[in-house]
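Please look over the sequence and the model shown below. The paragraphs after it go through the fold, its interior and its surface.

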Amino acid sequence: MLNSIIGFLKSLNDNSHPGEIAHAASIGVILGLMPKDNVLWYILLFVFLFFRINKAVYLLVILGVSMCAPLGDMLFDKIGYAVLTFEPFTETYRILLDIPFVAYTKFNNTVVMGSLVCSLVLYIPVYLLTRILVRLWRKNLAPKISSSKFWNTLKNFPLVRKILSVSESISEVAKK
C-alpha cells in the first residue's frame, strides 16, 4: 500500500504523461463503482493491468471509489433495471444468459449493469478532469509545496526521510 501511495505521488511530479494518469483514474472509477462479487470485475481488473496506465493511480482510485460506491447502489439499481428491461435488448440478454460462462459475470444484476453503465458514462469527464488537475498540480501547486517551509520541515522527520529514500531507490530500480 505504501508503494502505491509513493508511486501515486511520484507520478504526479515526474515526466509520466498526464494521459496515463487520467486513463488510470477513469478505469479505476469503472472498477471502483462495480460490485466485486462477480467474474466480470476480475476479468476487467486483469485486462486493465495490461494497459499502459499508471498502476499506482489505478489501484488507489479503485480503493477510494470502492469506499463510496455503496452510496450509489440505489441509483445503479434503477439505471440497471432500465437497461436490462429495455425491450430491444431483452432477446440479446436472453441469448447471453444461455451461454454457460456469461452468467457468472452477473451482467443481469441490476446493480452490476447500472454501475457499469454509470462508470462508462463517467469515463470521459473523469479523464478530462484528471488531466486538468494533473496539469494544475504540476504547474502551480507542486513548485509552491516543494519550496514551502512546511515541506522542508516535514522532510526532516525520520519517517518521511525513510519514505523518500525508499521511493528514490524504487525509482532507480525501475529505471534499470
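In which helix is Ser26 found? The residue belongs to helix 2. The model is a predicted one, and this serine is a convenient place to enter it. Ser26 has a relative accessible area of 0%. Since residues under 20% are classed as buried, Ser26 counts as buried. Apart from neighbours within four places in sequence, its contacts are Tyr123, Val126 and Tyr127.

Helix 2 itself covers residues 18-33, 16 residues in total. From its first C-alpha to its last it reaches 23 Å, close to the 22 Å expected at 1.5 Å a residue. Of its 16 residues, 13 are buried, so the helix is largely enclosed by the rest of the structure. In the protein as a whole, buried residues make up 34% of the 176 residues.

The wider fold is built from nine helices and zero strands. Read from the N terminus, the order of elements is α-α-α-α-α-α-α-α-α. Among contacts in the protein with a separation of 6 or more, 75% are accounted for by residues 24 or more positions apart.

Next comes the interior. The largest nonpolar core has 27 residues, and Leu31, Met34 and Tyr58 are those with the most contacts inside it. At least two residues of this core come from each of helix 2, helix 3, helix 4 and helix 7 (110-146). Helix 2 gives the most, with eight residues. A second core, separate from this one, has five residues, including Leu84, Tyr93, Phe107 and Met113. To see the surroundings of one residue of the largest core, take Met34: leaving out residues up to four places away in sequence, Met34 touches Leu40, Trp41, Leu44, Val112, Ser115 and Leu116.

The outside remains. The accessible surface of the protein comes to about 11400 Å², and carbon and sulfur atoms hold 71% of that area. Ile43, Phe46, Val47, Leu49, Phe50, Phe51, Phe101 and Tyr104 make a nonpolar surface patch of about 840 Å².

Is Phe50, a member of this patch, buried or exposed? Its relative accessible area is 63%. The cut-off for an exposed residue is over 50%, so Phe50 is exposed. Phe50 sits in the loop between helix 3 (39-48) and helix 4 (55-68). Ser26, by contrast, is buried and lies in helix 2.

How values were computed:
Residues numbered from 1 in each chain as written. Predicted model: local features only at pLDDT ≥ 70, side-chain atom pairs only at ≥ 80, totals over all residues. Heavy atoms only, no water. Helix = DSSP H or I, 4+ residues; strand = E, 2+ residues; numbered from the N terminus. Expected span 1.5 Å × (residues − 1). Buried < 20%, exposed > 50% of the residue type's maximum accessible area, 1.4 Å probe, protein only. Contact = heavy atoms within 4.5 Å. Areas by Shrake-Rupley, 256 points an atom, 1.4 Å probe, with all protein chains shown as cover. Patch = residues over 30% accessible without salt bridge, like charges linked within 9 Å, V, L, I, M, F, W, Y side chains within 5 Å. Salt bridge = Lys/Arg side-chain N within 4 Å of Asp/Glu carboxyl O. Core = buried A, V, L, I, M, F, W, Y, C linked by side-chain atoms within 4.5 Å.
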